[in-house]
Amino acid sequence: MPVTQLESTIRTRLLEAHRETLQSVIDAGHSVATAWPTDDVQESGAVTEPLEHLLREQGLAADLLAMLQTGTAAMGETVQGRPIPAPPYLVITSRGPLCRGTLSDGRRLVVVLELFAVRRSPTRYRFRDPTPEELLSVSIR
């Protein structure tokens, strides 16, 4: 799916305002991967559980959610909390952190930090060692 001009603008703003947070997330991903006995692992829990622990221990969960505020400000929007559709949230996937916030018009701003590549058949997870630019993906859905 092609990136829109608005998504590109938001991505640029996030890279400028949150580079330190993005680098800290990369460092956390590196720490997770160096604890593995091999270069990759088969179980998604070997990615998600230690990564979530590190991000919360380092206080990065709030910083990651703050990226939604920066992104929506770049759009002249705000993240809608209550009532439904949903408050902003952060989930740690087998690829890395994903933040999502619902906008006032019902669209969603989704920020994905892809730390890990996933290979199928058999499933394997490997640290990508990305730069902040390679890490960050923004979409409006």
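The legends below describe close-up views of salt bridges and of one helix packing contact in a predicted model.

**View 1. A salt bridge between R19 and E133 joins helix 2 to helix 5.**
The closest N and O atoms of R19 and E133 are 2.6 Å apart, and the two side chains form a salt bridge. Because R19 belongs to helix 2 (residues 19-34) and E133 to helix 5 (residues 132-135), the pair ties together parts that are 114 residues apart in sequence. R19 is partly exposed, with a relative accessible area of 37%, and E133 is likewise partly exposed, at 34%. The count of salt bridges in the model comes to seven.

**View 2. D40 and R126 meet in a salt bridge that links strand 1 with strand 7.**
The N to O distance between the side chains of D40 and R126 is 3.7 Å. D40 lies in strand 1 (residues 40-41) and R126 in strand 7 (residues 124-127), so this salt bridge connects parts that are 86 residues apart in sequence. With a relative accessibility of 12%, D40 counts as buried, a class that requires a value under 20%, whereas R126 is partly exposed, with a relative accessible area of 41%. D40 and R126 also belong to a network of salt bridges that includes D39 and R124.

**View 3. A salt bridge between R95 and E114 ties two loops together.**
The side chains of R95 and E114 meet at 3.4 Å, N to O. R95 is found in the loop between strand 3 (89-92) and strand 4 (97-103), and E114 in the loop between strand 5 (108-113) and strand 6 (116-119), so the pair ties together parts that are 19 residues apart in sequence. R95 counts as partly exposed at 31% relative accessibility, and E114 counts as partly exposed at 27%.

**View 4. Helix 2 and helix 3 cross obliquely.**
Two packed helices are described by the angle between their axes and the distance between the axes. The axes of helix 2 and helix 3 (residues 45-57) come within 9 Å and cross at roughly 130°, and the two helices are therefore oblique to each other. The crossing of helix 2 and helix 3 is right-handed. On the side of helix 2 the contact is made by V25, A28, G29, S31 and V32, and on the side of helix 3 by A46, V47, P50, L51, L54 and L55. Of the residues in this contact of helix 2 with helix 3, nine are nonpolar, two are polar and none is charged.

Key
Residues numbered from 1 in each chain as written. Predicted model: local features only at pLDDT ≥ 70, side-chain atom pairs only at ≥ 80, totals over all residues. Heavy atoms only, no water. Salt bridge = Lys/Arg side-chain N within 4 Å of Asp/Glu carboxyl O. Helix = DSSP H or I, 4+ residues; strand = E, 2+ residues; numbered from the N terminus. Buried < 20%, exposed > 50% of the residue type's maximum accessible area, 1.4 Å probe, protein only. Axes fitted to C-alpha atoms, helices over the stretch in contact; angles between N-to-C directions. Parallel < 35°, antiparallel > 145°, perpendicular 65-115°, else oblique. Left-handed = near helix turned anticlockwise from the far one by under 90°. Contact = heavy atoms within 4.5 Å. Nonpolar A, V, L, I, M, F, W, Y, C, P; charged D, E, K, R; others polar.
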